[in-house]
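Notebook open, model loaded. I went through it feature by feature and wrote down what I looked up.

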Amino acid sequence: MKWICKGAAGAILTLFCFFYLPAAWAVTVTDSTGRTLAFDHPPTRVVSLVPSLTEALFVMGAGEQVVGVTLHDTWPPAANTKTVVGGFFKPSVDKVLTLNPDLVFVSGIQTEVIDALGGHIPVVRLDPGSVEEAFEQIRLMGRIMGCEAGAEKIVTDNRRILADIQKKMAAIPPAKRKRVVRLMGRTSIMTPGADSFQQELIKLAGGIPHGIQRDGAVISLTDEEFLAFNPDVIYGCGGDKKAAELLFAKPAFGSVPAVKNNRIDYYPCELTCRASTHVGYFVSWLSSNLYSAEFSLRKNQIHPDAVNDRIPVPLDLKYVKKATLNHATLYDFPSRSLEVSFTSPKTILSTLDGWRENITTVGNNYMPPQCWRLAHEGGFEGMKQDIFAMLGVKGETTSFLFTGADMDNFSKKTASFRDMSVTVLATAGVCSNAMRMGKDTGSYYEPGTINILILPNMHLSRRAMSRAVISATEGKTAALQDLDVRSSYTPLVNSATGTGTDNILIAEGEGVSVDNAGGHTKMGELIATAVYEAVTEAIFKQNGLTPHRSVFRRLKDRQLTVSDLVGDSSCPCNTTSGGTGTPAYAKLETLLLEPRYAAFLETAMALSDAWERGLVTDLSAYTGWCNEMAKEIAGGQVPDRSFTGDTDLPKPLGLAVDALLKGIEYKK
C-alpha cells in the first residue's frame, strides 16, 4: 500500500539530504523528555525502534541512513531490507550495538533500551500525543537528518488532505454524523482513551468518538457503556477480527446499529495505530467509508475530476503511439492510471472484458481505498465511465484493468530473444485476498489485484493470444511460489497461486505472425519470464516481500506472531501491557534474532507445506533434530514436555516451536 509519494521523489530527497547541506551545518533539538541534543553533522547510521518514525525517515529521504529497524517495520518496502533488532516492545540492546549506530530513535515505553544506551549513543525519544505533535516531531527529525524539505513535504501533504476532508464534511449536518468506536483488545471491549490521538483521528474523519472521560492509550468499556454509546460504526485492525466475532456474538449487542448493519470495518494496523506519514491517508479512507453515500454525490465534490500530471513511460514498440503514468483526482481522491495508446486499432484479449476489436487504448487504473465504497454506491460501470471521461478516452475503443494496487508501484519488464521481445506492465498486491486455487473457497468479486498487460513486438494470432494466458498465469504463479506468498484464507497450510481477482490483458501486436505462445515456444517462454520478473518486482514495491525477508515477516505472512507461538492472547496494540503478556515472548523473540534459530523455524515452515500436501509422511528424523535443538538451546537435557501454545499449527512447525520454547524454559 502506498501512503506518500516515494520512488524517484524519495531518491531526489535523499540526494538533497546529503549534498545540499550548509557548510557550517549544526542543529540543536529538544525531544519529548525535554532533553536538548546537539548535532554537528547528520547521522549516518541510524537505528529506529519506533515504526512510525521509521516511516517518516524513509519518506523524508533519510532511508539510506537507517541501518536497523524493528520486526514491525514492514513499510515502506525498503524497510524490509534493513537489519531487524527485535520487536517494538522488547528490542535487543545487543543487536542494536552490533550495528554501531550514531543515533537511536526510541519511544518512552522502551525504558530498558534508553537506560542501556544512555551516555553511550545519542538517543532521541519522540512520543507524539496528538496529530499536531506528530507533525512537529517529523519536522524535528528532518532537522536532525538534514532532510528538512522532505519532512516539510510530509506535513504539507497531510495538512492538505485533512483540509479537504474538513471541506467535504461541511456538507454533512451534525445530525447525520456517525458514532464511531475503535475496537481494541481480545477478551473485553477495549478502545483508546479520551486523550489518545486515535480519538482525534475519528474526529478528523467527521465521526463522533465515545465520550467516556478516561484517559489512556487503551481503556476498557463496560457492556453498559458500550450499549449507551450505541455506535453506528466499529473499526479495528487485522488482529481484532477474532475479538469482534466473540464480543458481538452476545445477544445484547444485536440491536447496536454497527452490529445490526454489519458496519464493522478493518484497516491495516500500520494505519490505525500510528500518527505518522499516513495520517491524512487514513483519515480520508475512514471518512470516505463513514460517509460513502454523501461523498458519492457529485454536488458534494470540492475538486473537479482531472488529470494533474502525465508522466511518459518509454515503450520500444512501433505500434505504441504513447504510454503515460497519469496522476489524477477522481471524486476528490488521488487516482492513478497507466495508459497505452496505439497507432492503429488492435484486437485485444482481456480476462475482464473478453475479446475486443478496434481498441486504440489499453491500461490499468488504480482505485484508492477511499473510492472502494464509492464504487459500490454509484456502481462499477459508472465509475469506469467517469475514469474514461477524465482521461479523455472513449469506452467503445478502450479496455482497462482495475486494481487496488498503487499504479506508482507498477513494474515494467521486457524479455527478448534475437528479434522477438515481450514487454509486461504489472501491478501486484498480495496481502489481502491471495488464495490457492483448488483449495480455497471463492466468495466475492472485486477488480483485479495482480494485473498484467502483455505487449509483444510481433503479431499474435487469436490462438497464440489464448495460449499466452496460460503462459502468463504460470509465470505469475511461479513468482508467488518462489516468494512464498501465502493464501489469505489458509495461510498456515497453503501458499497462494494468485489473489482470486487477477486479470490479464494481451494486445495482438503487429509484424511477424506468431501462432503459438505455449510453454515449449520462445514466445511463451518470453511471456512467462517477463511476467515472472514484473510480478516479483511489483510485489516488492507494493508489499515489501522479498525471498530473504525476516522470520518475523514470514510468521506474519502466516498470520502468526511471537505472541501466538507462546500462547499469549494480549493485544499487540496494547502498550499498557507492553504487548508481552508472558516472559517467554521476549526470550523467543530474542532467540529468533539469531540466524541459526531463525533458519530452523524457516525450515519448519517449508517442511510443514510438504507435510500438509502429503509429500512427507515420516517425521521421526525431523523430531530427533528438534530434540537436539531444544538441548542445544537449554545447554543440557530437557524433559519430554510440550510447550506449544497454538494447537492449530501444522505438525512440523509445532514441533519446531515446541523445541524452541522447551530450550528457553530449561536453559541453564
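What follows are my entries on a predicted model, grouped by topic.

**Entry 1: the parallel sheet**

I started with the strands. I found an open sheet of five strands, in the order β5-β4-β3-β6-β7, with parallel pairing. β5 and β7 (123–125) sit at the edges, each pairing on one side only. I then looked at how β6 meets β7: three bridges join them, and the two run parallel. Val104 is the residue I noted opposite Val123 of β7.

**Entry 2: odd backbone angles**

I went looking for unusual torsions next. The peptide bond between Trp75 and Pro76 is cis, with omega at about 0°. I placed Pro76 in the loop that runs between β4 (66–69) and β5 (83–84), two strands of the sheet in my previous entry.

Then positive phi. Asn100 isn't a glycine, yet its phi is positive, about 50°. Asn100 belongs to the loop between α3 (93–98) and β6 (103–106). Buried or exposed, I asked of Asn100? It counts as exposed because its relative accessibility is 56%, and the cut-off for that is over 50%.

Asn358 is another non-glycine with a positive phi, about 60°. Asn358 is in a strand, β16 (residues 354–366). With 52% relative accessibility, Asn358 counts as exposed too.

**Entry 3: Asp164, a buried acid**

I wanted to know what surrounds Asp164, which I found in helix α6 (residues 148–169). The residue is buried and has no salt bridge. Which side chain of opposite charge is nearest to Asp164? That is Lys167, at 4.4 Å; the salt-bridge rule needs the nitrogen within 4 Å of a carboxyl oxygen, so this pair doesn't make the list.

What Asp164 does have is a polar contact: its side chain and that of His303 are joined at 3.1 Å. Ignoring neighbours within four places in sequence, I get contacts from Asp164 to Ile302 and His303.

**Entry 4: salt bridges**

I ran the count for the model and got 38 salt bridges. I pulled out three pairs to look at by eye, starting with Arg274 and Glu55, whose closest N and O atoms are 2.7 Å apart. Arg274 is in the loop between α11 (269–272) and α12 (279–290), while Glu55 is in helix α2 (residues 51–60), so the bridge ties together parts that are 219 residues apart in sequence. How accessible are the two ends? Arg274 is buried, with a relative accessible area of 12%. Glu55 is buried as well, at 0% relative accessibility.

Next I checked Lys250 with Asp223, where the closest N and O atoms are 3.3 Å apart. Lys250 sits in the loop between α9 (241–247) and α10 (257–260), Asp223 in helix α8 (residues 223–229), and 27 residues separate them. Lys250 comes out partly exposed at 34% relative accessibility. Asp223 is also partly exposed, with 30% relative accessible area.

The third pair is Asp265 and Arg373, with closest N and O atoms 3.1 Å apart. This one links strand β12 (residues 264–267), which holds Asp265, to helix α14 (residues 369–378), which holds Arg373, across 108 residues. Here the two ends fall into separate classes: Asp265 is buried at 8% relative accessibility, whereas Arg373 is partly exposed with a relative accessible area of 24%.

I also logged a network of salt bridges that links Asp484, Arg486, Arg554, Arg558 and Asp609.

**Entry 5: helix α21**

Asp609 from that network led me to α21, where Asp609 is among the buried residues. I checked the helix geometry first. α21 covers residues 595–612, which makes 18 residues; at 1.5 Å a residue it should span 26 Å, and its end C-alpha atoms are 26 Å apart, so the two agree.

Which residues of α21 are buried? My list includes Tyr597, Phe600, Leu601, Met605 and Leu607, along with small ones such as Ala598, Ala604 and Ala610. Where do they pack? The buried residues of α21 pack against α18 (551–557), α20 (583–591), α22 (620–634) and α23 (651–665).

Last thing I noted: just after α21, Gly614 adopts a positive phi of about 80°.

How values were computed: Residues numbered from 1 in each chain as written. Predicted model: local features only at pLDDT ≥ 70, side-chain atom pairs only at ≥ 80, totals over all residues. Heavy atoms only, no water. Helix = DSSP H or I, 4+ residues; strand = E, 2+ residues; numbered from the N terminus. Expected span 1.5 Å × (residues − 1). Buried < 20%, exposed > 50% of the residue type's maximum accessible area, 1.4 Å probe, protein only. Contact = heavy atoms within 4.5 Å. Lys, Arg positive; Asp, Glu negative; His and termini not counted. Polar contact = N/O pair within 3.5 Å; in protein donor to acceptor, adjacent residues only side chain to side chain. Pairing = 2+ DSSP bridges.
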